[in-house]
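I set aside this page for notes on what I looked up, residue by residue, with the sequence and the model open side by side.

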Amino acid sequence: MFKKIPGTKDILPKESSSWQTVEATARRIFSFYNYQEIRTPVIEEASLFNRTLGSTTEIVQKQMFLIQNQQDTYALRPEGTASIVRSYLENNLEKTNGFIKLYYIGPMFRLERPQRGRLRQFHHIGAEAIGSAQASLDIEVISLAEQLLKSFGITGYKIKLNSLGCPKDKQAFSAALKKSLREKLTQLCADCQLRAKNNVLRILDCKNEDCQKIVKTLGPEQTHICPDCLGHFEEVKRGLNDLGVSFQVDPQLVRGLDYYNQTVFEITHSDLGSQDAVGAGGRYNNLVGELGGPDLGAIGFAFGVERLLLLPNTLAVHPPKRLVYLITLGEAAKSAGIKILNQLRCAEISADMDYLNKTLKGAMRAANDAGATYVLILGDDELKKNTISVKDMSKSTQKEVALQNLTQELKC
Ligand code: HAM
């Protein structure tokens, strides 16, 4: 028998209603903030990600699902931001729309070592606002991320915030960090010894305890940030405070993708264990320019849906399900029943019936298992009288209803 690939998941019918609730809730909240949906292909040229995420990042070095054909190397998208900026430019949205607010929901792929909350195919619910460098947009995007969490019924999360400064500030900070780490290189983990050469900022958020101890002795402060970026960061913090969004400034938060600058944030939850980030994002002011477009500011974030669903209370917002289940007794009742079922469905009432020729007792059990709110019983007696028995499962009451009044009766 075939088995699914490690790190992938079947979303079975008993879970899919939670997915639908989360997705529908997200769409509703995005519409209040005037974000429009964008859907891009799951497959892109691999070089798009090398260029945007950075050739020395972990995703590009180790985690890309690559597909090689005769001339080209494609990749299953490891994230959505690069594809959306590619699409924004390819479809000339900067000319027709200029500033645009987009959201997306869909699968992403990373060749990681699978563990709880870390999959090879996972799903993002994300937003990207492209075309403005204003701090007011950072405030909107971060408060939107929090509003989504609240609407999913999630509490107990932490928002960590930092500013990386502009590319010049990042460069100056990297150089200073390299210098102060020179004496301590051999005490770092193997990954960080490589990072010291390629991507020194990532040492700051390494999870290895020894590396964290060393980083603490460096006491990274925001001294490397230029006055403009510092002013931007102050405005973001003030705006979030005004909206009552709680956050903690974490100078060690650097994020794993090269395209970030200025504001970065991560939302964590202690119930998630070692993979504790439920969502993350930040500004990427140089990405549009980097891909051949004009010099435009942009900011976004993405939540991992699987991680949202691992958290308690996510779906306190479950809509009550209403299902009518029809049981027919005998052949004549069965063909009449098929028509009744059709009428109910056309009247937008969820309805189902027994397809396994069960006995009355077995069919009642099936109705119960399906979570039916009403059971309809149609036998020869009822057929002769043009009526049907309607059993209210929550009240355990039963009455006979004229067939012509059935839809009306069930709609009330
Ligand atoms: P990211 O931090 O790589 O950011 O991913 C965002 C979220 O996706 C994470 O916080 C986590 O919840 C979830 N996630 C990531 N990898 C996995 C995995 N292997 N299994 C399960 N969940 C995972 C980005 O991807 C950026 N594109 C976010 C962004 C949008 N920044 C600006 N705009």
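Is Thr25 buried or exposed? Before answering I note that the model is a predicted one. I find Thr25 in helix α1, and its relative accessible area is 8%, so I enter Thr25 as buried, the cut-off being under 20%. Leaving out residues up to four places away in sequence, I see that Thr25 touches Ser151 and Phe152.

**Entry on the aromatic rings**

I next looked up the aromatic pairs, which are counted when ring centres lie within 6.5 Å, and the count comes to six. The pair I followed up is Phe30 with Tyr103, whose ring centres are 4.5 Å apart and whose planes stand at 15 degrees; because planes under 30 degrees apart count as stacked, I record this pair as stacked. I then checked where the two partners sit in the chain, and found Phe30 in helix α1, which covers residues 13-32, and Tyr103 in strand β5, which covers residues 100-109. The pair therefore links distant parts of the chain, with the two positions 73 residues apart in numbering.

For burial I looked up both partners separately: Phe30 has a relative accessible area of 0% and is buried, while Tyr103, at 7% relative accessibility, also counts as buried. I add that Tyr35 belongs with these two residues, as Phe30, Tyr35 and Tyr103 form one aromatic cluster.

**Entry on the ligand**

Which residues come nearest to the ligand? Of the 27 residues around the ligand, I list Glu79, Glu112, Leu119, His124 and Tyr260 as those that come nearest. Sorting the residues of this shell by type, I get 12 nonpolar, eight polar and seven charged.

I then went through contacts made with oxygen atoms of the ligand. A polar side-chain atom of Arg255 lies 2.9 Å from a ligand oxygen, and a backbone N or O atom of Ala277 lies 2.9 Å from a ligand oxygen. For Gly279 I note a polar backbone atom at 3.4 Å from an oxygen atom of the ligand. As for cover, the ligand taken alone exposes 660 Å², and the protein buries 96% of that area.

Finally I asked myself which elements give two or more residues to the shell around the ligand. I wrote down β6 (121-130), β10 (277-283) and β11 (298-304), and I marked β10 as the element that gives the most, with six residues.

Note on methods:
Residues numbered from 1 in each chain as written. Predicted model: local features only at pLDDT ≥ 70, side-chain atom pairs only at ≥ 80, totals over all residues. Heavy atoms only, no water. Phe/Tyr/Trp six-rings, centres within 6.5 Å; stacked < 30°, edge-to-face > 60°. Helix = DSSP H or I, 4+ residues; strand = E, 2+ residues; numbered from the N terminus. Buried < 20%, exposed > 50% of the residue type's maximum accessible area, 1.4 Å probe, protein only. Near = heavy atom within 4 Å. Polar contact = N/O pair within 3.5 Å; in protein donor to acceptor, adjacent residues only side chain to side chain. Areas by Shrake-Rupley, 256 points an atom, 1.4 Å probe, with all protein chains shown as cover. Nonpolar A, V, L, I, M, F, W, Y, C, P; charged D, E, K, R; others polar. Contact = heavy atoms within 4.5 Å.
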